[in-house]
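Visitor: I should like to learn how to read a structural model feature by feature. Might we take one example and proceed from the whole to the details?

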Amino acid sequence: MSARLIVRAGVVYDGTPSAARTNATLLIEDGRITALGEPIEPRDGDRTLSAACVVPGLINSHAHLEVNGEPDMQTLFLIRTPTERTLDAARHARLALEAGVTTVRDLGGSESNAIALRDAVARGEHPGPTILAAGRAICMTGGHGFFLGREADGPWDVRKAVREQRKAGADCIKLIATGGVLTKGAVPGQDQLSEDEMRAAIVEASTHGMRVAAHAIGTSGIKNALRAGVTSIEHGHLLDDEAIALFLERGTYLVPTLAAVMCIYENIAGGKQPDYVVRKATELYEHAGANVGKAWRAGVTIAGGSDAGTPYNYHQNYAYEVELMVRMLGMSPQQALTAATATAAELLGVDAGVLAPGRPADLLLLDGDAGADARALRSPRCVIKGGTLAFERR
Ligand SMILES: [Zn+2]
């Protein structure tokens, strides 16, 4: 019989919108939660931990594990070798886990390093969150992120690009529907992959059981991706009322990546970011909070994702995205926590993000009440992943 882990908590948020439980105990056996609620008498060999607050491990629906938060991402891809980026990805995975991220979706890398890392973590060879990986993002020729993506033009080439990602071992697919901030010359408001091309990608991906995320910032490109039938819109900053109606009609998720814009905006004074990045992020900053907040109030389902790896937006700072969902969208701290746990798990299609008997024991022990103040998520005291104590702050 393997050792049991008992966690006593002042307050437990289970990841869903349900009311918090106070003075609750969790019992963890063989990687799963087997009881949540009444006090449990320890037996010989049990380990007991206590915390002010317990929440599910955080799920970052949008990250780029090989990218390190440098101010000039496009140049980084010219000067950093694939081997260096693979080592970066492994380090970022460990740092993210230690900061409470127990599941991460990598939405686009230059090589297959996130796929290899996913398998190494699953085999227990490297510390890190559970990883889902999209492989290379699929973009039009010269499109946003072409320097790390798979350029594809026309429905059949896009379908072939999907097949290539599947062959490489990808779990999901990432499409580029509009321009973006970090590619020189790409205009966030302009369409890139067409609705026809995205529809072809989705037909191919869904044949293989793969979900599709679309990078979409501009109004028209967001609607193209929604009509094509993507599972999630990433960024979505220039959405309008018609887009909100499409989100609701189709049940599409929105991953707002507020930290991506905010971290660029907050670090303009440092002077290290290319002019085109600062200009585009400043324009989006003025609209992102208002537009995404409107979508949230209208009932659009928001899942947490930070675009970690973009300038100054570090993998170990995912808690900041939760804080920004409170500050910029008007969510309560518990609603933002739900977006970053249970809802993100639904979007990814993984068994995680909810604390309940029978569910995997991915959870964080915190010193403060995350339902009262999201800043309590910044620095977990303990991170438990798959029932094992993965990190303990000294
Ligand atoms: Zn991204």
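Visitor: How many helices and how many strands are there in the chain?

Guide: Please keep in mind that this is a predicted model. The chain has 17 strands and 12 helices.

Visitor: How does one judge the overall form, and what radius of gyration does the chain have?

Guide: One sets the computed radius against the value for a compact globule. A compact globule with 394 residues would have a radius of gyration near 21 Å, and the 20 Å of the chain agrees with this. The C-alpha trace spans about 65 × 45 × 40 Å along its principal axes.

Visitor: What share of the residues in the chain is buried?

Guide: A residue counts as buried when its relative accessible area is under 20%. Of the 394 residues in the chain, 60% are buried.

Visitor: Let us turn to a pair of strands. In which sense do strand 2 and strand 3 pair?

Guide: Strand 2 (residues 21-29) and strand 3 (residues 32-37) are antiparallel, and 5 bridges join them. To follow the register, one may start from Leu-27, which stands opposite Ala-35 in strand 3.

Visitor: Which residue takes a positive phi in the hairpin of these strands?

Guide: That residue is Asp-30, with a phi near 50°. The hairpin has 2 residues between strand 2 and strand 3.

Visitor: How does one read a metal site, and which residues coordinate the zinc ion?

Guide: One lists the donor atoms, then places their residues in the sequence. Here the zinc ion is coordinated by the NE2 atoms of His-62 and His-64 and by OD of Asp-307, at 2.1 to 2.2 Å. The spacing of these donor residues in sequence is H-x1-H-x242-D. Distant parts of the chain are thereby linked: His-62 belongs to strand 5 (residues 58-63), whereas Asp-307, 245 residues apart from it, is in the loop between strand 14 (301-302) and helix 10 (319-329).

Visitor: Are His-62 and Asp-307 buried or exposed?

Guide: Both His-62 and Asp-307 are buried.

Visitor: Finally, how should a pocket be described, and how much space lies in the largest pocket?

Guide: One may give its volume, then its lining, then the chemical classes of that lining. The largest pocket holds about 180 Å³ of space. Its lining includes Pro-17, Trp-296, Met-331 and Thr-343. Strand 14 and helix 11 (333-339) are the elements that give two or more residues to this lining, and helix 11 gives the most, with 4 residues.

Visitor: Which classes of residue does the lining of the largest pocket have?

Guide: The lining has 6 nonpolar and 6 polar residues, and no charged residues.

Technical notes: Residues numbered from 1 in each chain as written. Predicted model: local features only at pLDDT ≥ 70, side-chain atom pairs only at ≥ 80, totals over all residues. Heavy atoms only, no water. Pairing = 2+ DSSP bridges. Donors = N, O, S within 2.8 Å, 3.2 Å for Na, K, Ca; no water. Buried < 20%, exposed > 50% of the residue type's maximum accessible area, 1.4 Å probe, protein only. 1 Å grid on protein atoms, 1.4 Å probe; cavity = no way out; pocket = protein on both sides within 12 Å on 5 of 7 lines; lining within 4 Å. Points joined across faces, edges and corners; volume = space filled by probe spheres on them. Nonpolar A, V, L, I, M, F, W, Y, C, P; charged D, E, K, R; others polar. Rg over C-alpha atoms; globule rule 2.2 N^0.38 Å.
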